[in-house]
Amino acid sequence: MEAKLQELKNRLAEVDDLGHANAVLAWDQQTYMPPGGAAARGRQMATLSRLAHEKFTDPAIGRLLDDLRPYEESLPYDSDDASLIRVTRRQYERDTKVPAEFVGALNEHAAITYQAWTEARPANNFMQMRPMLETTLDYSRRLADYFPGYDHIADPLIDFADYGMKAADVRRVFTELREQLVPLVRAITSQPPADDSCLKQHYPEALQRQFGEEVIRAFGYDFNRGRQDKTHHPFMTKFSLGDVRITTRFNENDLGDGLFSTLHESGHAMYEQGINPAYEATPLADGTSAGVHESQSRTWENIVGRSRGFWEHFYPRLQQIFPDQLRNVPLDTFYRAINKVQRSLIRVDADEVTYNLHVMIRFDIELQLLEGTLTIRDLPEAWHARYESDLGVTAPDDRDGVLQDVHWYGGIIGGAFQGYTLGNIMSGLFYDAALKAHPNIPAEIAQGKFGTLHGWLRENIYQHGAKFTASELIERVTGGPLRIEPYITYLKTKYGDLYNL
Ligand code: ZN
C-alpha cells in the first residue's frame, strides 16, 4: 500500500507541477507580459492545461485509487492519507466524465470570447458578444449534461465551485438573506448618503502601496512566501505553498480602491499560506471551495479592515502618511466614508450591504439562461429590469450592465457567482465562532494586533486546505450547518450603529 500511495503522490505532483507552471504563465500574462506575447502565451497555457488534464485522467490513477480503497477505509476519515485518496477520487471521477476534446474546445472558445470582451466592453458592444455567448451557453449546458441525474441543470456547474451545493440550496439561502437585506438597504438609503469625498482626493500610488503593505504584514501575510505586483483586475495566485502572490491596482483619485483590494487578496493569500506544508503538491494543498475562499478574503477586507476598531489603530498612521489629505478629516468621517451604502450599478464597487443583491441578480439570471427561460438575446433587457426592480438603478448602457463582469466572457455560464455571497455569509459564521473562542479579538484589533484571529483561522480553517468540504468545515467549526444569522447580526449591528437604525 505504501508503494501505491507513493506512486499516486508522484503522479499527482507531476500534475501539480504542470498546473503551477501554468499559474506562473498566467500571473506573468496579467502583470508584466508585453501585448506581443499574447498569442504564444495562450497556446503555451493551453498546452500545459492539456498535459495536466491527460496526466490526471490517466487510467493508471483510477487503478491506484481502486487499489488504495481498502487502505483508505482502514484509516480515520480525517487522516491525511484517507483525505488525499478521497479528495483525489472525487476530482478524478469529475474530470474523467468530461472528454478531453470537449475541455480543449471549451477552453479555446473561452479564450477567444475573453479577448473579444476586452474590446467589446469599452466599446459598449453587446451585439458583438451575442453569438459567442450563445455558444458559451451551449457549452455550459453540454458540460452539465456530462453529469446526468441532476435536479437542476446548474447543479453540476455550482458543484465545480462550491462542492456539495445545489441550485435549490443556494436559492433557499439567498431568499432568506434577501428578506433581511431589502429592508436594511431601504432603511439606510432613505437617509442622506454618507460623505465619502475624503477618499476621492489625490493619493500618490507609492504611498498607498506602502500603507497597504504595512497593514497586510501586520495581518500576517508572509512576504518571504509571497509578493505583490500590479495588474488590471486584482487576483491571488499560488505557485507552491512557499510562493503565494497577490496583485493589486491603484487609483490615485480613490484611496479605497487599492487599499481594500489589497486587504481582500491578502485574505485569500493567507488562507493558502496557512495550509499544512505536508500537503504540498497534492490536491489537498488548495482552498476547499469558492465560498470558503471568499469568506477568508471578506473577513480581512470587511469584518476587520472596515471595522471601527481597526481604524482606531491605523487611522493615525494613515493621517501621518497623507497629512495634507486627512489632517482635518475626523476618524468618524473617514469610518463612515469607507462604509458608505448606496444603490449602485457595479458589483465590484458595491458596499457590504448591497453587494449580495448584485450577486443574486447574476445567480438568478444564470439559472434562467441554463433552464432556457431566458435567451441571450433578451439578456441585456433582463439585466436592466432586475437592476431596476432590485436596486432601483438603471445603467445607461451595457458596458456598466451585462458586460461588466468577466465571468461569463472567460468561462462558463453557471456556478460563477454564488460563492461570493456564500463567502460573505460564511465570513460572519466563522468570525462569530472565533469570537466565541476568543472574545478579546476586537480589543486586539483595536491595538493593531491580529495574532489571535489569524491563529484561530489557521488552526480551524487554513491548515486543512481541501481536506474537508465546505459543509464539513462549517459543521466542525460551528457545530451546525450553514446559517445566515451571524452574518445578518453582524450587518445589522454595524450599520445600525452607523445609521442609527
Ligand atoms: Zn475574492
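How many residues does helix α17 have, and how far does α17 reach from its first C-alpha to its last? Please keep in mind, as I go through this, that what we are looking at is a predicted model. Helix α17, which covers residues 379–391, has 13 residues and reaches 17 Å between those two C-alpha atoms, close to the 18 Å expected at 1.5 Å a residue.

Let me stay with this helix for a moment. The buried residues of α17 are L379, P380, A382, W383, H384, R386, Y387, D390 and L391, and these buried residues pack against α7 (126–145), α9 (167–189) and α16 (355–371). Just after α17 comes G392, which takes a positive phi of about 70°.

One of those partners, α9, leads us on to helix α18, residues 418–437. Helices α9 and α18 pack at an angle of about 60°, with their axes 11 Å apart, and that angle makes α9 oblique to α18. The crossing of the two helices is left-handed, and the contact is made by V170, V173, F174 and L177 on the side of α9, and by Q418, T421, L422 and I425 on the side of α18.

Within that set I would like to single out T421, whose place is in helix α18. Is T421 buried or exposed? It is buried, because its relative accessible area is 0%, and the cut-off for buried is under 20%. Leaving aside neighbours within four places in sequence, T421 is in contact with F174, L177, N356 and V359, and the side chain of T421 makes a polar contact with the side chain of N356, at 2.7 Å. T421 and L357, although 64 residues apart in sequence, are 9.0 Å apart in space, C-alpha to C-alpha.

Let me turn now to the start of the chain. Helix α1, residues 2–29, has 28 residues and should therefore span 40 Å at 1.5 Å a residue, and its end C-alpha atoms are indeed 40 Å apart. Its buried residues include L5, L8, L12, V15 and, further along, A23, A26 and W27.

My last stop is T231, which is found in the loop between β1 (228–230) and β2 (236–240). This threonine is buried as well, with a relative accessible area of 10%. Its side chain reaches the backbone oxygen of Q30 at 2.7 Å, and, not counting residues up to four places away in sequence, T231 touches Q30, T31, T247, T248 and R249.

Methods:
Residues numbered from 1 in each chain as written. Predicted model: local features only at pLDDT ≥ 70, side-chain atom pairs only at ≥ 80, totals over all residues. Heavy atoms only, no water. Helix = DSSP H or I, 4+ residues; strand = E, 2+ residues; numbered from the N terminus. Expected span 1.5 Å × (residues − 1). Buried < 20%, exposed > 50% of the residue type's maximum accessible area, 1.4 Å probe, protein only. Contact = heavy atoms within 4.5 Å. Polar contact = N/O pair within 3.5 Å; in protein donor to acceptor, adjacent residues only side chain to side chain. Axes fitted to C-alpha atoms, helices over the stretch in contact; angles between N-to-C directions. Parallel < 35°, antiparallel > 145°, perpendicular 65-115°, else oblique. Left-handed = near helix turned anticlockwise from the far one by under 90°.
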